[in-house]
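Work through the exercises below with the coordinates open. Each task is followed by a solution in steps.

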Amino acid sequence: LPDADWLPDWMRVEQLVEMFHEFYADFDPAKANEMLARLELEPKARLKTLSKGSKEKVQLILAMSRAAKLYLLDEPIGGPGLYPEHHPEQLQPGCDRHSFHPPHRRYRAHSGRSRLFEGWPGVRPPQCRRAARDRGHERGCIFPGGIQMLKQLLKYEFKATGRTYGGLYLALVALAVLSGFSLRSSSGDDFASLLLFAYMVVAVAVAVVSVMTIVTRFTRNLLGREGYLMHTLPVTESQLILSKLISSVVWMLCSSIVGIFSFAVMLLALSLNSAALQQLPELWQKVVEIFREIFRMTGSSGWLWLAFETLNGLVALVSSILCIYAACMIGHQFKKHMVPAGILAFFLLSFLQNWLSSGVSSADMLQAVSDPTLGGVDVSIAAPSAFTTLFGLAVSIAFAAGYFLLTRWLMEHKLNLE
C-alpha cells in the first residue's frame, strides 16, 4: 500500500469493487464485500469522505480479494489501523502467515521466472507490463488488453467526466431560454442584460472546462497519484491513451453541439410569439429548400466537400488533443518545471505542425497541377486550395500518429510516479 491516496476519490467503495471485478478475472467481489462488512465500511460511501485509515483499509481489501498465489505484506496492521482481530489472516481465512524480510530491494524467486518488487517503483518494470499484456491475451482479446478492456476504461472515464459537463450543459441551456424570454420584454432591461452576461460566462466556462479537462484527466489519472492504479490494470499504454482521447473528442463535440443548440434556443425564445409559431414550419421548409438547391447545383461534389470538411475538422481535433498529451508527457520529464516545460512543448509542437502545413507556397501548388483546365473549366485557382487542404489533412494525420507514438513511448519507458 503506497503512502498516498491513489484511488479515484470520486468513486464509491462499491464502484471500486465493481471496477476491480471487471478488470481482474481473479477478483472475488463476494470476498471483498465480506471484508468490508468485517471492517464496518459502508459500500455506498464515497472515497473522498473516508478517513485516511479507512481508505487504506479499502486498498487492503481490494488487494486481498484477488485470488493470488502469493501475498507480500509489509507491516499490514501498522498503517491501516487494523486491530488484531482484523489481521489479514482473519480477513482471508486459510491465508498462511509467514515472516518475510528480503535482504535486497529486489528479490528473485527460486523458480527464476518471476520477480517480486518491494514498494512502488517509479517506472513499472518490463515484467509487469508483459504480465498485463499476457492477462489481456488470456481474455481472448483482439489486441493486447482487448477491446473489452478499452470499453471498461471508457465506461469509468465517462463516469468521471460526466458529472462535470452535465451541470454546465443544463445551466447553459437554461440561461439561453431565460435570456431569450427576458430580451423579448420591453421592461427589465437590467435583468435581461444580467442573464445574457451570465449566459456568456457559462458559455466561456464550458469552452475552458472542455480544454482543461483534457489536461487534468490525463495528468491526474495517468501521471498523478491515480497512476498507481491505472498503470497496474491489465491494459496497455495504447488503451489508456485511447480511452482518454475518445472521451475528450466526444466531450468536445458535445460541447460544440450544446453551444450551438443553446444559441438557437435563445434566438427562438427571443422571437417566439403566435405569429412566429405559425411561420416556423414555413421557415424550416425554406431552409430545407435552400440546402436542396445548393446540393442540386453542386451534385455529388457538395456531399463530398461536406464529408471532407467534417473529416478534416475531426482529424484536426484529434491531432490537437494528442499534441496536448505529448506535451504533458514531455513536461512530465522535468519534475521541477513540469508545467512550464509542458506549455513550452505544446507551443513548439504546434508551431512545427503549422509551419509544415503552410510550408508549400502557392507557386509550388500551381506547379503541382499540370493542366489548369478540366473539362473546359478553369481550375487554376481552385486546384491550389484543394491541394493545400489535402496536404494539411495529410500533415495532421502524420502528426497525430507521431504524437500518439511519442506519448506511448514516453509512458512505457520514462514514466516516473514518485
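**Exercise 1.** In the predicted model, what kind of interaction do the side chains of Glu34 and Arg38 form? Place the pair in its helix and classify both residues by accessibility.

Solution.
- Step 1. The N to O distance between the two side chains is 3.6 Å. A salt bridge requires a side-chain nitrogen of Lys or Arg within 4 Å of a carboxyl oxygen of Asp or Glu, so Glu34 and Arg38 form a salt bridge.
- Step 2. Both residues lie in helix α2 (residues 29–38), and because they are four residues apart, about one helical turn separates them.
- Step 3. Glu34 has a relative accessible area of 40% and is partly exposed. Arg38, with 37%, is partly exposed.

**Exercise 2.** Examine the salt bridge between Glu56 and Lys52. How many residues separate the partners in the helix, and is Glu56 buried or exposed?

Solution.
- Step 1. The side chains of Glu56 and Lys52 come to 2.8 Å, N to O.
- Step 2. The partners are four residues apart in helix α3 (residues 52–64), which means a separation of about one helical turn.
- Step 3. Glu56 has 11% relative accessibility; the cut-off for buried is under 20%, so Glu56 counts as buried.
- Step 4. Lys52 has a relative accessible area of 49% and is partly exposed. The cut-off for exposed is over 50%.

**Exercise 3.** Which elements does the salt bridge between Glu18 and Lys155 link? Give its distance and the accessibility of each partner.

Solution.
- Step 1. The closest N and O atoms of Glu18 and Lys155 are 3.0 Å apart, and the pair forms a salt bridge.
- Step 2. Glu18 belongs to helix α1 (residues 13–23) and Lys155 to helix α6 (residues 146–184); the two residues are 137 residues apart, so that the bridge links distant parts of the chain.
- Step 3. Glu18 is partly exposed at 32% relative accessibility, and Lys155 is partly exposed at 28%.
- Step 4. For the whole structure, the search returns eight salt bridges.

**Exercise 4.** How far is the nearest cysteine sulfur from that of Cys328? Decide on the disulfide status of Cys328 and compare its accessibility class with that of Cys254.

Solution.
- Step 1. A disulfide is a covalent bond between the sulfur atoms of two cysteines. The structure contains zero disulfides.
- Step 2. For Cys328, the nearest cysteine sulfur belongs to Cys323 and is 9.6 Å away. The cut-off is 2.5 Å, so Cys328 is in no disulfide.
- Step 3. Cys328 is buried, with 12% relative accessibility, whereas Cys254 is partly exposed, with 27%.

**Exercise 5.** Describe the surroundings of His332. In which helix is His332 found, and which backbone oxygen does its side chain reach?

Solution.
- Step 1. His332 is in helix α11 (residues 300–332).
- Step 2. The relative accessible area of His332 is 2%, and the residue is buried.
- Step 3. Not counting residues up to four places away in sequence, His332 touches Leu223, Met338, Lys414, Leu415 and Asn416.
- Step 4. The side chain of His332 reaches the backbone oxygen of Asn416 at 3.2 Å.

**Exercise 6.** How many residues apart in sequence are Leu268 and Gly180? Set this pair beside the contact statistics of the protein.

Solution.
- Step 1. Leu268 sits in helix α9 (residues 237–270) and is partly exposed, with a relative accessible area of 41%.
- Step 2. Leu268 and Gly180 are 88 residues apart in sequence, while their C-alpha atoms are 7.4 Å apart.
- Step 3. Of the contacts between residues at least 6 apart in sequence, 75% join residues at least 24 apart.

**Exercise 7.** Summarise the protein as a whole. What is its mean pLDDT, and how many helices and strands does it have?

Solution.
- Step 1. The mean pLDDT is 75, and 68% of the residues reach 70 or more.
- Step 2. The pLDDT is below 50 over residues 96–127, a stretch with 40 contacts in the model beyond near neighbours in sequence. Residues 135–142 are also below 50, with 13 such contacts.
- Step 3. The protein has 14 helices and four strands.
- Step 4. Buried residues account for 36% of the 418 residues. The exposed area is about 24,300 Å², of which carbon and sulfur atoms supply 64%.

Conventions
Residues are numbered from 1 along each chain as its sequence is written. This is a predicted model: local features need pLDDT of at least 70, side-chain atom pairs count only at pLDDT 80 or more; totals for chains, interfaces and linings use all residues. Side-chain values use heavy atoms; hydrogens and water are left out. Buried means under 20% relative accessible area, exposed over 50%, partly exposed in between (1.4 Å probe, protein chains only). Contact means heavy atoms within 4.5 Å. Accessible areas come from the Shrake-Rupley method with a 1.4 Å probe; for residues, only the protein chains shown count as cover. pLDDT is the predictor's confidence in each residue, from 0 to 100. A polar contact is a pair of N or O atoms within 3.5 Å; within protein, one must be able to donate a hydrogen and the other to accept it, and residues adjacent in sequence count only if both atoms are side-chain atoms.
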